[in-house]
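Colleague: I would like to learn how to read the main features of a model like this one. Could you take me through them in turn?

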Amino acid sequence: MNQPSRGACYPVDSDSNPCNPIQCSPQRHQPNENKALLQDQNMAMVSFLWLEITGKCQLECVHCYAESGPSGTHGTMARSDWERVLDQARDLGVKMVQFIGGEPTLHPDLAALINHALRQGLLVEVFSNLTHVSPSLWEVFSQPGVRLATSYYTDDPDQHEKITQRRGSYAHTKANIIEAVRRSISLRVGLINVDDDQRVEQARSELKALGVQEIGMDRLRQVGRGIRNQQPNISQLCGSCGGGSIAILPDGTVSPCPISRWITIGNVHEEQLFSILTSQKIARSRNEIRAGRDYDYFPNNDCQPREEKCFP
Ligand code: SF4
């Protein structure tokens, strides 16, 4: 069931009906008042949210930082929890959300959540492996305000499937890239360089020939199944997560981004987004990321991330 925007919470009878502390904290501000308060307090303004709605995936990629796969779950966030987050995000001035996983198309509420976000005036990106898209989801993806993103590796099916650990995945993803282009759905594709001998440049040429206009590039991130010879640390991040974005994981955990998942700054089951964004914890984690970006791991201090943004 679609719910109207709650915005801030106005309990009819808060004495006899103590409100849920998550939905209704003592900070009962009018919609947009939270945004103004964030500005006043010079706190963590956020314009972009990653919503990792599931840990389930048909694939089991050898580099997956989320360690997703067929045995993954949708976590503890119910549809109403995600809708509450979307409502709060809108009130805090968020402009765009990305549904990611795992594979978000495996979540039964993806279409409803996309439509809820659109009704809140949010732009939506769905980061999918594009191995399977149902006819009804194609219709949802074709709406104004929705775009797609996916990862690609090589023009060689065997090489691709060695990375994704699933036979046939190359053909399925390629066919759905073609379908997205045919439907004129905005699509960005990230070339992820996982192995030394990967045919990345040939893949770029293939994507261009298919009509893909936005092609990014990313490297292996040594987090989750991507770990090779290092443990997760700030050197695995691009540094952009020290800015105006946060990620919410399937159990409600809030982190600077989906890759920096070992850094936790709160949980939306326990606190409103407003409280998390005004906490000392987020300020500390952003300072730590920025300091690492500017001085230690990204030594050319040019006040910009030293590399292209990560590709979730
Ligand atoms: S990298 Fe993406 S497609 Fe591959 S297992 Fe992880 S979530 Fe699934």
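Modeller: We will go through the sheet, the helices, one strand residue and the ligand shell. Keep in mind that this is a predicted model.

Colleague: Start with the sheet. What is the order of its strands?

Modeller: As a general idea, strands of a sheet pair through backbone hydrogen bonds, either parallel or antiparallel. Here nine strands form an open sheet with mixed pairing, in the order E6-E5-E4-E3-E2-E1-E7-E8-E9. E6 (214–219) and E9 (266–267) are the edge strands, each pairing on one side only.

Colleague: Which strands pair with E5, and in what sense?

Modeller: E5 (residues 187–193) pairs with E6 in the parallel sense over six bridges, and Gly-190 stands opposite Gly-216 in E6. The pairing of E4 and E5 is parallel too, over five bridges. There, Tyr-152 has Leu-191 in E5 as its bridge partner.

Colleague: How many residues of E5 are buried?

Modeller: Five of the seven residues of E5 are buried, so the strand is mostly covered. Two helices lie across this part of the sheet. H6 lies across E4 (146–152) and E5, and runs at about 150 degrees to E5. H7 (residues 200–210) lies across E4, E5 and E6, at about 165 degrees to E5.

Colleague: Now the part of the sheet around E7. Where does the pairing turn antiparallel?

Modeller: Follow Ala-247 in E7. On one side, E1 (residues 48–52) and E7 (residues 245–248) pair in the parallel sense over four bridges, with Trp-50 opposite Ala-247. On E8 (residues 253–255), the bridge partner of Ala-247 is Ser-255. E7 and E8 run antiparallel and are joined by two bridges. Their hairpin has four residues between the strands, and Gly-252 takes a positive phi near 90 degrees there.

Colleague: How do I read a short helix such as H5? Which of its residues are buried?

Modeller: List the buried residues, then look at their directions around the axis. In H5 (residues 157–164), His-160, Ile-163 and Thr-164 are buried. They cover an arc of only 90 degrees around the axis, which means that they are on the same side of H5. The buried residues of H5 pack against H6 (169–182). After H5 comes Gln-165, whose phi is positive, near 65 degrees.

Colleague: Take a single residue, then. Why is Gln-98 counted as buried?

Modeller: Gln-98 is buried because 21 other C-beta atoms lie within 10 Å, and the cut-off is 20 or more. Gln-98 is found in E2 (residues 96–100). Leaving aside neighbours within four places in sequence, its contacts are Trp-50, Leu-51, Glu-125 and Phe-127. Gln-98 and Glu-125 are 27 residues apart in sequence, yet 4.5 Å apart in space, C-alpha to C-alpha. Trp-50 has come up already, as the residue opposite Ala-247 in E7.

Colleague: Last, the ligand. Which residues surround the ligand, and how do they divide by class?

Modeller: A shell is read by listing its members and then sorting them. The ligand is surrounded by Cys-57, Leu-59, Glu-60, Cys-61, Cys-64, Ala-66, Ser-68, Gly-69, Gly-101, Gly-102, Glu-103 and Asn-129. By class, the shell has five nonpolar, five polar and two charged residues. Gly counts as polar in this sorting, and Gly-69, Gly-101 and Gly-102 are among the residues around the ligand.

Technical notes:
Residues numbered from 1 in each chain as written. Predicted model: local features only at pLDDT ≥ 70, side-chain atom pairs only at ≥ 80, totals over all residues. Near = placed C-beta within 6 Å. Buried ≥ 20, exposed ≤ 12 C-beta atoms within 10 Å, placed from the backbone. Arc of directions from axis to C-beta. Contact = placed C-beta atoms within 7 Å. Pairing = 2+ DSSP bridges. Axes fitted to C-alpha atoms, helices over the stretch in contact; angles between N-to-C directions.
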